[in-house]
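Let's take a walk through this structure together. Have the view open and turn it as you read.

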Amino acid sequence: MDKPPNSSVDQLEADFYVARVLAMYLSLPQAPARWGRLDRQLAQQWHAQALAWELIEAALLLAAARRSLRDPALPPLGPIRSLHYFLPVLVEVTET
């Protein structure tokens, strides 16, 4: 028997996905101390788009690695202020 759409199981799965994305985001160097409403909405959109966790994880780690390996002679980058910062890298990872 199929479960009905929007069941409590679906909601739990969505909540877990969003919480996992936000926790990883906040664990990155130079990320803010807390997520904002727009960060949560973006994570919810990623879940609705059925983006695999592995893609999200790869994009966040790749962007963080690039920041940490940036030439120290270059001017420092500002802090990451939003999960939206990772969108271009997510597109890049999705396309490769």
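Four residues of helix α2 are buried: Asp39, Leu42, Ala43 and Trp46. Keep in mind that you're looking at a predicted model. These four cover an arc of only 100 degrees around the axis, which puts them on the same side of α2. The general rule behind this is handy: an α-helix has 3.6 residues a turn, so residues three or four places apart point the same way. What do the buried residues of α2 pack against? Their partners are α1, α3 and α4. Now turn to the other side of α2, and you'll find Arg37 and Ala48 exposed.

How about the helix itself? It runs over residues 37-48, and at 1.5 Å a residue its 12 residues should span 16 Å. The end C-alpha atoms of α2 are 17 Å apart, which agrees. Just after α2 comes Ala50, with a positive phi of about 60 degrees.

Let's zoom out for a moment. The protein chain has four helices and zero strands, so to speak an α-α-α-α pattern when read along the sequence. Its C-alpha trace spans about 60 × 30 × 15 Å along the principal axes. Of the 96 residues, 29% count as buried. Now look at the contacts in the protein chain with a separation of 6 or more: 71% of them come from residues 24 or more positions apart. As for the outside, the chain exposes about 6600 Å², and carbon and sulfur atoms supply 60% of that area.

Next, the aromatic rings. The structure holds two aromatic pairs. In one of them, the rings of Tyr25 and Phe86 have their centres 6.0 Å apart and their planes at 85 degrees; planes over 60 degrees apart count as edge-to-face, so that is what this pair is. Which parts of the chain does the pair tie together? Tyr25 sits in helix α1 (residues 8-27), while Phe86 belongs to the loop between α3 and α4, so the pair links parts that are 61 residues apart in sequence. Both Tyr25 and Phe86 are buried, and for Phe86 the relative accessible area is 0%.

Phe86 also pairs with Tyr85, again edge-to-face, at 5.2 Å centre to centre and with 85 degrees between the planes. Is Tyr85 buried or exposed? Neither, quite: its relative accessibility is 35%, so Tyr85 counts as partly exposed. Put the rings together and you get one aromatic cluster made of Tyr25, Tyr85 and Phe86.

Last stop, the charged side chains. Side chains of opposite charge can pair when their charged atoms come close. How many salt bridges does the structure hold? There is one, and the partners are Glu92 and Arg66, with their closest N and O atoms 2.6 Å apart. Glu92 lies in helix α4 (residues 87-95) and Arg66 in helix α3 (residues 53-68), so this pair ties together parts that are 26 residues apart in sequence. Where do the two stand on accessibility? Glu92 comes in at 34% relative accessibility and therefore counts as partly exposed. Arg66, at 41%, is partly exposed as well.

Key: Residues are numbered from 1 along each chain as its sequence is written. This is a predicted model: local features need pLDDT of at least 70, side-chain atom pairs count only at pLDDT 80 or more; totals for chains, interfaces and linings use all residues. Side-chain values use heavy atoms; hydrogens and water are left out. A salt bridge is a side-chain nitrogen of Lys or Arg within 4 Å of a carboxyl oxygen of Asp or Glu. Helices (H or I, at least four residues) and strands (E, at least two) are DSSP runs, numbered from the N terminus. Buried means under 20% relative accessible area, exposed over 50%, partly exposed in between (1.4 Å probe, protein chains only). Rings of Phe, Tyr and Trp (its six-membered ring) pair if their centres lie within 6.5 Å; planes under 30 degrees apart count as stacked, over 60 as edge-to-face and the rest as tilted. The expected span of a helix is 1.5 Å times one less than its number of residues. The arc is that of the directions from the helix axis to the C-beta atoms. Contact means heavy atoms within 4.5 Å. Accessible areas come from the Shrake-Rupley method with a 1.4 Å probe; for residues, only the protein chains shown count as cover.
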